[in-house]
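Q: I'd like to learn how to read a structure with something bound in it. Could you walk me through this one?

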Amino acid sequence: MKPTIGFIGLGIMGKPMARNLLKAGYPLWVHSRTRADVDAIVAAGAQAGASSADVAAHAEAVITMLPDSPDVEQVYLGPEGILAGAQPGTLLIDMSTISPTTAKKVALAAAECGCSMLDAPVSGGDVGAHKGTLSIMVGGSAADFGRAEPILLAMGKPLRCGESGAGQVVKVCNQIMTGVSLVAVAEALVLGAKAGVDPEVIIQVLLGGLARCGVLENRGNRIPRRDFAPGFKSRLHYKDLTIVQEAGRAYGVPLPAASLAHELFGALLAAGGGELDHSAVITVLEAMACTEVRSAKETDA
Ligand code: NAP
């Protein structure tokens, strides 16, 4: 009999991850802020908890997939939170992207309640969440990782990165790469398109050479069609780049390219684009260059 799992935070990522746990045969208790999201997963076979504490009380392991550090603090440490309901010995796995400092702080509070905690942020986006192919970066003890591994395998490929907080440190590295890559892809497409070359052609060529990258593979087919439905919301990537800045200061590492990406995402948010996919950062560069990247097929239509 597989252990009962609690899942809290059923957004763009959480819903498909919860579905993959159900498909793998785990009994599931869920909670989220928006009732419709809970109903969708209950319809797939889960049970609804009245609060985070209620979900934790029914589960041997609890997974959270929340937006930001304050949300994680509230859901774990708040009056109706996970630690108010969890039995000692419960395994807690936070898969949100938050600051390494908050991850360590919440893990210490969990340990005081007799619970083990792992930080386990992910990469691979909504596509990886649906396919169950997320790259999962785990911080915590080897013994807790051993308990979590079979559960995490239902959602992707887990790799232990070190002790508590190490998963979030690797996620910081990941967000430097994706943030800077998005800006590089945007600059290349803005220049190429303004010079009169079809962006679909540019993307096809770049994917065949050294400039090939995950961002181009994942979003390249959507940008020239002006499809900026999220995906990964720009306000969340801005949040991640803010965590990157904090980590740079904390560890004494200058991060000039990531700082530029942070400012460009800030400009996108200021222009009202926070709910758009993070690939919409190209619209900031388009505004600066007075042009728009659009496929020849779109322009002809
Ligand atoms: P999202 O769509 O905003 O989902 C977050 C979910 O948490 C929402 O359902 C939200 O409810 C719920 N929530 C927030 N506060 C809550 C609370 N106090 N109690 C219960 N539920 C609460 O975000 P997402 O895209 O799934 O991202 C989740 C995390 O994964 C973020 O840390 C993000 O940086 C990271 N991530 C995302 C991607 C991606 O491609 N989307 C990729 C890698 C990592 P409401 O809908 O009511 O606000």
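**A loop, two domains and a ligand**

A: Sure. Let's start in a loop: Gly231 sits between helix 11 (214-219) and helix 12. Keep in mind that this is a predicted model.

Q: What is the peptide bond from Pro230 to Gly231 like, cis or trans?

A: As a general idea, most peptide bonds are trans. Here the bond from Pro230 to Gly231 is cis, and its omega is near 25°.

Q: And what about phi at Arg226, positive or negative?

A: In general, most residues other than glycine have a negative phi. Arg226 isn't a glycine, yet its phi is positive, about 60°. Arg226 also belongs to the loop between helix 11 and helix 12.

Q: Now the big picture. How is the protein chain divided?

A: Into domain 1 (5-163) and domain 2 (169-300). Their centres, taken over C-alpha atoms, are 29 Å apart. Where they meet, 14 residues of domain 1 contact 14 residues of domain 2.

Q: How much area is buried between domain 1 and domain 2?

A: About 1,100 Å², with carbon and sulfur atoms giving 63% of it. On the domain 1 side, Ile12, Thr97 and Pro100 supply 37% of the area buried against domain 2, more than any other three residues.

Q: Where does the ligand lie relative to domain 1 and domain 2?

A: Check who gives residues to the shell around it. Both domain 1 and domain 2 do, so the ligand lies between them.

Q: How many residues surround the ligand, and which are the closest?

A: There are 26, counting any residue with a heavy atom within 4 Å. The closest are Met13, Arg33, Thr34, Pro67 and Lys239. Sorted by class, the shell has 10 nonpolar, nine polar and seven charged residues.

Q: Which helices each supply at least two residues of that shell?

A: Helix 4 (69-77), helix 7 (125-131) and helix 12 (234-251). Helix 12 gives the most, with three residues.

Q: Which atoms of the protein should I look at beside the ligand?

A: Try pairs of N or O atoms within 3.5 Å, which count as polar contacts. Ile12, which we met at the domain boundary, has a backbone N or O atom 2.9 Å from an oxygen atom of the ligand. Gly231, from the cis peptide bond, has a backbone N or O atom 3.2 Å from a ligand nitrogen atom. From Lys233, a polar side-chain atom lies 3.1 Å from an oxygen atom of the ligand.

Q: And how much of the ligand does the protein bury?

A: Taken alone, the ligand exposes 900 Å², and the protein buries 91% of that.

Technical notes
Residues numbered from 1 in each chain as written. Predicted model: local features only at pLDDT ≥ 70, side-chain atom pairs only at ≥ 80, totals over all residues. Heavy atoms only, no water. Polar contact = N/O pair within 3.5 Å; in protein donor to acceptor, adjacent residues only side chain to side chain. Areas by Shrake-Rupley, 256 points an atom, 1.4 Å probe, with all protein chains shown as cover. Helix = DSSP H or I, 4+ residues; strand = E, 2+ residues; numbered from the N terminus. Nonpolar A, V, L, I, M, F, W, Y, C, P; charged D, E, K, R; others polar. Domains from an automatic or database assignment. Contact = heavy atoms within 4.5 Å. Buried area = accessible area lost by both parts, 1.4 Å probe.
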